[in-house]
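Visitor: Could you take me through one part of this molecule in close detail? I am new to this, so please go step by step and show me how the charged side chains fit into the picture.

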Amino acid sequence: MKFAKIGVLLIAVLFSSCSGENKSEDLYKEVMGFHDEVMPYMGSLYQAEKKMKKMIAELDSTATDQKKMMEAQLDTLISAQDNMTNWMREMSAAYEGEMEEEEKITVLKDQLEKVKAISDELKAAKRIADKL
C-alpha cells in the first residue's frame, strides 16, 4: 500500500513538471507562429521599399503633398522591417542559455507581446506594399 501511494505521488509530480514544460513549449510555438506568419513579408517589403524610393525620387518637385505621404509610407515599410529584424535578434539573445521554466515563461510572454505588435506592424506595411 505504501508503494502504491509513493507511485501515485511520483506520477503526480511527473505530470505537474511536464505540464509546466508544455506551457513554455506552447508559448514558444505561439511566438514562433506569429513570426512564421509574417516573416515571408520581409522580401516583398524590401522590394516595395526600393520601388517607393524610386517613385519618390521621380516625383515632380511640385508634388510636395504626395511626396510627404509617400515618405510616411516608406517610413512605415522601413520601420516594420527594422523592428522585425531587431526583434529576431532580441528573441535569440533573450532565449539562449539555460533557464528555469518560470524564467522561460516570463521571457516568452514578453516576447509574445512584442511579436504581436510587430506582426500588426508588418501586416500594415504589407497592405502599403500591395498597393504599389
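Guide: Happy to! Helices and strands here are DSSP runs, a helix having at least four residues and a strand at least two, and they are numbered from the N terminus. With that in hand, the chain of this predicted model reads α-α-α-α along its sequence. In other words, there are four helices and zero strands. The chain has 132 residues, and buried ones make up 27% of them.

Let us look closely at the salt bridges, and at Glu-37 to begin with. Side chains of opposite charge can pair when their charged atoms come close. The structure holds five salt bridges. One of them joins Lys-123 to Glu-37, with the closest N and O atoms 3.1 Å apart. Lys-123 sits in helix 4 (residues 101-130) and Glu-37 in helix 1, so this pair ties together parts that are 86 residues apart in sequence. How open are the two partners? Buried means under 20% relative accessible area and exposed means over 50%, with partly exposed in between. Lys-123 has 27% relative accessibility, so it counts as partly exposed. Glu-37, at 38%, is also placed in the partly exposed class. Glu-37 has another distant residue to show you: Ser-119 is 82 residues away in sequence, yet the two C-alpha atoms are 8.1 Å apart in space.

Next, follow helix 4 to Lys-114. Its side chain meets that of Glu-90 in a salt bridge, at 2.3 Å from N to O. This pair also links distant parts of the chain, because Glu-90 belongs to helix 3 and Lys-114 to helix 4, 24 residues apart. Salt bridges that share partners join Glu-90, Asp-110 and Lys-114 into one network. Glu-90 is partly exposed, with a relative accessible area of 32%, and Lys-114 is partly exposed too, with 30%.

For contrast, try a pair that stays inside one helix. Lys-53 forms a salt bridge with Glu-49, the closest N and O atoms being 3.0 Å apart. Both are in helix 2 (residues 41-57), and because they are four residues apart there, about one helical turn separates them. Their surroundings are worth checking as well: Lys-53 is partly exposed at 43% relative accessibility, whereas Glu-49 is buried, with a relative accessible area of 11%.

Now come back to helix 3 (residues 64-94), the home of Glu-90. At 1.5 Å a residue, its 31 residues should span 45 Å, and its end C-alpha atoms are 43 Å apart, which agrees. The buried residues of helix 3 are Met-70, Leu-74, Leu-77, Ala-80, Gln-81, Met-84, Trp-87 and Met-91.

Finally, some charges gather on the surface. Glu-25, Asp-26, Glu-30 and Glu-113 form a negative surface patch. Which helix gives the most to this patch? It is helix 1 (residues 2-38), with three residues. Glu-30 is placed in helix 1, and at 38% relative accessibility Glu-30 counts as partly exposed. Helix 1 is also where Glu-37 lies, the residue our close look began with.

Terms used:
Residues numbered from 1 in each chain as written. Predicted model: local features only at pLDDT ≥ 70, side-chain atom pairs only at ≥ 80, totals over all residues. Heavy atoms only, no water. Patch = residues over 30% accessible without salt bridge, like charges linked within 9 Å, V, L, I, M, F, W, Y side chains within 5 Å. Areas by Shrake-Rupley, 256 points an atom, 1.4 Å probe, with all protein chains shown as cover. Salt bridge = Lys/Arg side-chain N within 4 Å of Asp/Glu carboxyl O. Lys, Arg positive; Asp, Glu negative; His and termini not counted. Charge placed at Lys NZ, Arg CZ, Asp CG, Glu CD. Buried < 20%, exposed > 50% of the residue type's maximum accessible area, 1.4 Å probe, protein only. Expected span 1.5 Å × (residues − 1).
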